Amino acid sequence: SIKLRDKVTLKKILQKIYPGGSICGAPKKRVMLILKKIESRTRGFYCGSTIFFSKSKIEASINIRSSEIDFGALTLSYQAGGGITLLSDLVQEFEEMTYKHNSYIDILTP
């Protein structure tokens, strides 16, 4: 085991780990700077692992989707996406993103 400095938090650790280089590209720091300039919306916690706990369910997903819940404001922000390459089929990529979105919404629905 290791001893972390007091200023190291779980949030800071997760911010450094996500998104994975396989999601955003490499070299990761440079790509993230470029994406920040060209994308109109911030990614936030996007591309992390999703874990949902309740009294009746425990669900987890490590696919390309993430959500942030603000219990103070009673809001949930959710993002789903996919990796596009030169060989990608636009329709198939959109369908895959839709499946990811719907599977997450399904775990929140009784």
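Helices here are DSSP runs of H or I with at least four residues, numbered from the N terminus. With that in hand, let's walk through this model, which is a predicted one.

A good place to start is helix α4, which runs over residues 90-108. Its 19 residues reach 28 Å from the first C-alpha to the last, close to the 27 Å expected at 1.5 Å a residue. At the N-terminal end, Asp89 acts as a cap for α4: one of its side-chain oxygens lies 3.2 Å from the backbone nitrogen of Val91.

Now look around the helix. Which residues of α4 are buried? They are Glu93, Lys100, Tyr104 and Ile107. These residues sit on the same side of α4, because they cover an arc of only 65° around the axis. The face turned away from that buried side carries the exposed residues Leu90, Val91, Phe94, Tyr99 and Asp106.

Two of the buried residues deserve a visit. Take Tyr104 in α4 to begin with. Its relative accessibility is 4%, and buried means under 20%, so Tyr104 counts as buried. If you trace the chain to Ala80, you will find a residue 24 positions away from Tyr104 along the chain, with the two C-alpha atoms separated by 9.3 Å.

The other is Lys100, and it brings us to charge pairing. Side chains of opposite charge can pair when their charged atoms come close. The structure holds one salt bridge, and Lys100 forms a salt bridge with Glu96, their closest N and O atoms being 3.0 Å apart. Why are these two separated by about one helical turn? Because they are four residues apart in helix α4. Are the partners buried or exposed? Lys100 is buried, with a relative accessible area of 8%, whereas Glu96 is partly exposed at 35%.

Finally, turn to the beginning of the numbering, where a nonpolar patch appears on the surface. Ile2, Leu4, Val8, Leu10, Ile13 and Ile17 make this patch, with an area of about 560 Å². One of its members, Leu10, lies in helix α1, which spans residues 10-17. Leu10 has a relative accessibility of 60%; the cut-off for exposed is over 50%, so Leu10 counts as exposed.

Conventions:
Residues numbered from 1 in each chain as written. Predicted model: local features only at pLDDT ≥ 70, side-chain atom pairs only at ≥ 80, totals over all residues. Heavy atoms only, no water. Expected span 1.5 Å × (residues − 1). Buried < 20%, exposed > 50% of the residue type's maximum accessible area, 1.4 Å probe, protein only. Arc of directions from axis to C-beta. Polar contact = N/O pair within 3.5 Å; in protein donor to acceptor, adjacent residues only side chain to side chain. Salt bridge = Lys/Arg side-chain N within 4 Å of Asp/Glu carboxyl O. Patch = residues over 30% accessible without salt bridge, like charges linked within 9 Å, V, L, I, M, F, W, Y side chains within 5 Å. Areas by Shrake-Rupley, 256 points an atom, 1.4 Å probe, with all protein chains shown as cover.
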